[in-house]
Amino acid sequence: MAVSIAQAELLELMTTARVHDLEQPRRFGAPTFAAHAPGYQYVLHRRHEQGVDDVRTSASGLVIMSDHSGTHIDALCHQAERLRLFGGHKVDAGIQTPTGFPALGADTIPPILTRGVLLDVAAHAGERTPAHRPISAAQLQNVAAAQAVTVGSGDIVLVRTGNGAFWDDPGEYERGGGVARDASQWLADQDV
């Protein structure tokens with residue numbers, strides 16, 4: 001099988017790439033935005049019981065969670081404006097079904113294999129970014145310059161706020177500032 005230059009470069013990158021797990025632990029009580037309740041729940045619905053005639057018993061649980069619990073990527077079907085999704089798709093019974101979205105869902109996102117850039121805002125500031133104060137485009141540009149990293153077309157950009165340290169304290173975690181609109185626009189303008 002012939003391998004294209006782009007595929008060969010990708011294979012080379014994959015042999016030297018580092019993988020970073022970005023997932024926060026999923027557990028009952030983990031931070032979940034109120035609109036996305038129930039968050040994460042685990043119910044042990046079958047238990048090992050005394051008095052069961054079988055020599056071998058079993059236990060099994062049921063996981064109930066919002067697709068917005070834990071660490072996740074928002075799909076293009078997550079937000080609509082005037083009942084229009086990304087690309088102008090009209091929200092109707094054909095695109096929004098009882099079993100999900102046949103288009104624009106997270107399951108339609110192909111694996112993301114590309115160069116990753118970390119903009120470590122928390123390290124640059126020497127502490128967690130201030131609660132309820134979103135990170136601006138100017139801050140991202142200053143961090144990139146100070147950390148001598150460039151943001152280019154096709155890159156994945158991770159913005160470290162320091163807020164992840166508060167995952168076990170939902171009230172404090174939910175005070176995190178996030179990324180401001182102008183910073184999101186700057187990243188979009190870089191074609192990340």
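Q: What makes Leu-22, Ile-73, Ile-109, Ile-112, Leu-118, Ile-156 and Leu-158 a nonpolar patch on the surface?
A: In this predicted model, these residues together have about 580 Å² of accessible area (Shrake-Rupley method, 1.4 Å probe, with only the protein chains shown counting as cover for residues). They are called a patch because such residues have over 30% relative accessible area and no salt bridge, nonpolar side chains (Val, Leu, Ile, Met, Phe, Trp, Tyr) being joined within 5 Å and like charges within 9 Å.

Q: Why is Ile-112 called buried, partly exposed or exposed?
A: Its relative accessible area is 48%. Buried means under 20%, exposed over 50%, and partly exposed in between (1.4 Å probe, protein chains only), so Ile-112 is partly exposed. Ile-112 is placed in the loop between β2 (60–65) and β3 (116–120); helices (H or I, at least four residues) and strands (E, at least two) are DSSP runs, numbered from the N terminus.

Q: What is the basis for the numbering and the values in this predicted model?
A: Residues are numbered from 1 along each chain as its sequence is written, and side-chain values use heavy atoms, leaving out hydrogens and water. Local features need pLDDT of at least 70 and side-chain atom pairs count only at pLDDT 80 or more, whereas totals for chains, interfaces and linings use all residues.

Q: How do you know whether Asn-163 is buried or exposed?
A: The relative accessibility of Asn-163 is 8%, so this residue counts as buried. Asn-163 is found in the loop between β4 (156–160) and α4 (170–173).

Q: What joins the side chains of Asn-163 and Arg-128?
A: The two side chains share a polar contact of 2.7 Å. The term applies to N or O atoms within 3.5 Å; within protein, one must be able to donate a hydrogen and the other to accept it, and residues adjacent in sequence count only if both atoms are side-chain atoms. Leaving aside neighbours within four places in sequence, Asn-163 is in contact (heavy atoms within 4.5 Å) with Arg-128, Glu-172, Tyr-173 and Gly-176. Arg-128 and Glu-172 also belong, with Arg-175, to a network of salt bridges.

Q: Why is the pair Asp-168 and Arg-27 called a salt bridge?
A: The N to O distance is 2.9 Å, and a salt bridge is a side-chain nitrogen of Lys or Arg within 4 Å of a carboxyl oxygen of Asp or Glu. The pair links distant parts of the chain, 141 residues apart: Asp-168 in the loop between β4 and α4, Arg-27 in the loop between α1 (5–16) and β1 (40–46). Asp-168 is exposed at 62% relative accessible area, while Arg-27 is partly exposed at 25%.

Q: What makes the salt bridge of Arg-115 and Asp-155 a tie between separate parts of the sequence?
A: The side chains meet at 2.5 Å, N to O. Arg-115 lies in the loop between β2 and β3 and Asp-155 in the loop between α3 (137–146) and β4, so parts 40 residues apart in sequence are tied together. Arg-115 is partly exposed at 42%, whereas Asp-155, at 6%, counts as buried.

Q: Why is the protein described as spread out or compact?
A: The protein has five helices and four strands, in the order α-β-β-β-α-α-β-α-α. Its radius of gyration is 21 Å, well over the 16 Å from the globule rule for 192 residues, so the protein is more spread out than a compact globule. The radius is taken over C-alpha atoms, and the rule is 2.2 Å times the number of residues to the power 0.38. Of the 192 residues, 21% count as buried.
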